[in-house]
Amino acid sequence: MSESTGVPLALGTMYFGTRTDEATAFDLLDRFVDAGGTLIDTADCYTFWHEPDGRGGESETVIGRWLAARPGMRDRVSLSTKTGAQPQGEGEWPANRQGLSGDAVGAAARGSLRRLGTDRIDLYWTHTEDRGVPLEETAQALAGLVADGTVARIGASNHALWRVERARGIAERHGWAGYTALQLRHSYLKPRPGVPALPHRFGWVTDETLDYVETEPGLSLWVYTVLLNGYYARTDRPLGEEFEHPGNTRRLAALERVATDLGVSRNQVVLAWLTGGRPPLVPVVGVSSPEQLDEALAGVALELSAEHRRLLDEAA
Ligand SMILES: NC(=O)c1ccc[n+]([C@@H]2O[C@H](COP(=O)([O-])OP(=O)(O)OC[C@H]3O[C@@H](n4cnc5c(N)ncnc54)[C@H](OP(=O)(O)O)[C@@H]3O)[C@@H](O)[C@H]2O)c1
């Protein structure tokens, strides 16, 4: 069960158990699976900024309770979770995050397995870089989890590309399992070049990312905040100032034209553009209602004609 088969959409569960209550989360997970969805994305730190004790874990816990209430479901879904960004101890995030030392990675994986109520994680991401720890130490800890069957594959989220490539080189030299996936922020509208994807300096997909993923066999790219928190569909989600530039004015016009031609929403066109391009991407979409989920599923099922894709690409 991987992103190359089945519905090319990962269900983003960041707010499950906090903003989205458990009953709604269960309904959304059921509906997603009923529609053929398999990929579920979470993190050990979701969502610490909404939790009274300032530590994440509710999202994984809700998914774990859902799996426990649905016998056999664990074998039908692919669980993706992340490590490294969970706050611990005193001080402000991100300085106080758990980080990626060998001990931290091992302890975090055990915590995620416990909350998810499972014995394995299908895709385990390092959520953010930890430059205070040698890459080799993190790479060895991750490879150990793959070797003992705790984790099927590993991915890097919000890392500088040169660090990913260096970590893959270290893994290859040692004969260890290395990163086979990237998770970064991306959408049809683009920020002005040079603006960091705060809080992650290297969090945006760039042309270099796309070139890397297209060129390297076996490397996949998951992308988050693709719907810009609802911006394409509603007026109560204004864009950040970094999205105000003439390139996006042209892009919005092209998006509107394709959506009108096809009689679908702008969200759906954005999702079809992401999943059907070169390289094909896996959008991680956050939803809080059945209608939003259905729209996302319809978006990844939509195929754009060559003409519409050219129009969208050339608007850049
Ligand atoms: N790796 C990382 O560092 C990282 C960072 C951020 C997110 N993620 C992952 O990506 C997932 C999604 O991220 P995100 O929540 O930032 O971005 P998003 O998918 O762009 O935004 C999701 C929000 O957009 C609104 N929305 C969705 N569909 C809609 C529709 N059809 N019509 C109107 N509004 C709609 C909803 O807001 P309301 O619920 O308010 O209605 C929803 O909660 C997360 O759950 C997480 O798994 C990863």
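**Exercise 1. State which residues Trp66 touches beyond its neighbours within four places in sequence, and place Trp66 in the nonpolar core.**

Step 1. With contact taken as heavy atoms within 4.5 Å, Trp66 meets Phe26, Leu29, Asp30, Val33, Ile40, Met73 and Val77, its neighbours within four places in sequence being left aside.

Step 2. The model is predicted, so local features need pLDDT of at least 70 and side-chain atom pairs count only at pLDDT 80 or more, while totals for chains, interfaces and linings use all residues. Residues are numbered from 1 along each chain as its sequence is written, and side-chain values use heavy atoms, with hydrogens and water left out.

Step 3. A nonpolar core is a set of buried Ala, Val, Leu, Ile, Met, Phe, Trp, Tyr and Cys residues joined through side-chain atoms within 4.5 Å. Buried means under 20% relative accessible area, exposed over 50%, and partly exposed in between (1.4 Å probe, protein chains only).

Step 4. The largest such core has 77 residues, and Trp66, Tyr124, Tyr188 and Leu312 have the most contacts inside it. A second, separate core of 9 residues includes Ala10, Leu39, Trp125 and Trp222.

**Exercise 2. Classify the ring pair of Tyr46 and Trp49.**

Step 1. Rings of Phe, Tyr and Trp (its six-membered ring) pair if their centres lie within 6.5 Å; planes under 30 degrees apart count as stacked, over 60 as edge-to-face and the rest as tilted. There are 8 aromatic pairs in the structure.

Step 2. The ring centres of Tyr46 and Trp49 are 6.5 Å apart and the planes stand at 85°, so this pair is edge-to-face.

Step 3. Tyr46 is buried because its relative accessible area is 9%, whereas Trp49, at 43%, is partly exposed.

Step 4. Ring pairs link Tyr46 and Trp49 with Tyr15, Phe48 and Trp93 into a cluster.

Step 5. Another edge-to-face pair is that of Tyr231 and Tyr232, at 5.7 Å centre to centre and 65° between the planes. Tyr231 is buried at 17%, and Tyr232 is buried at 4%.

**Exercise 3. Describe how the buried residues of helix H7 are arranged.**

Step 1. Helices (H or I, at least four residues) and strands (E, at least two) are DSSP runs, numbered from the N terminus. H7 covers residues 246–262, 17 residues, and reaches 25 Å from first to last C-alpha, close to the 24 Å expected at 1.5 Å a residue; the expected span is 1.5 Å times one less than the number of residues.

Step 2. Buried in H7 are Gly247, Asn248, Arg251, Ala254, Leu255, Val258 and Ala259. These residues lie on the same side of H7 because they cover an arc of only 130° around the axis, the arc being that of the directions from the helix axis to the C-beta atoms.

Step 3. Pro246, Thr249 and Thr260 are exposed on the other side of H7. The cover over the buried residues includes helix H8 (266–275) and helix H10 (306–314).

Step 4. Arg251 also lies over the face of Tyr188, 4.6 Å from the ring centre; the criterion is NZ of Lys or CZ of Arg within 6 Å of the ring centre and within 35 degrees of the ring normal.

Step 5. After H7 comes Gly263, with a positive phi near 65°.

**Exercise 4. Locate the cis peptide bond at Pro94 and the one at Pro279.**

Step 1. Trp93 and Pro94 are joined by a cis bond with omega about 10°. Pro94 sits in the loop between strand S3 (78–83) and helix H3 (102–116).

Step 2. The bond from Arg278 to Pro279 is cis, omega near -5°, and Pro279 is in the loop between H8 and strand S8 (282–286).
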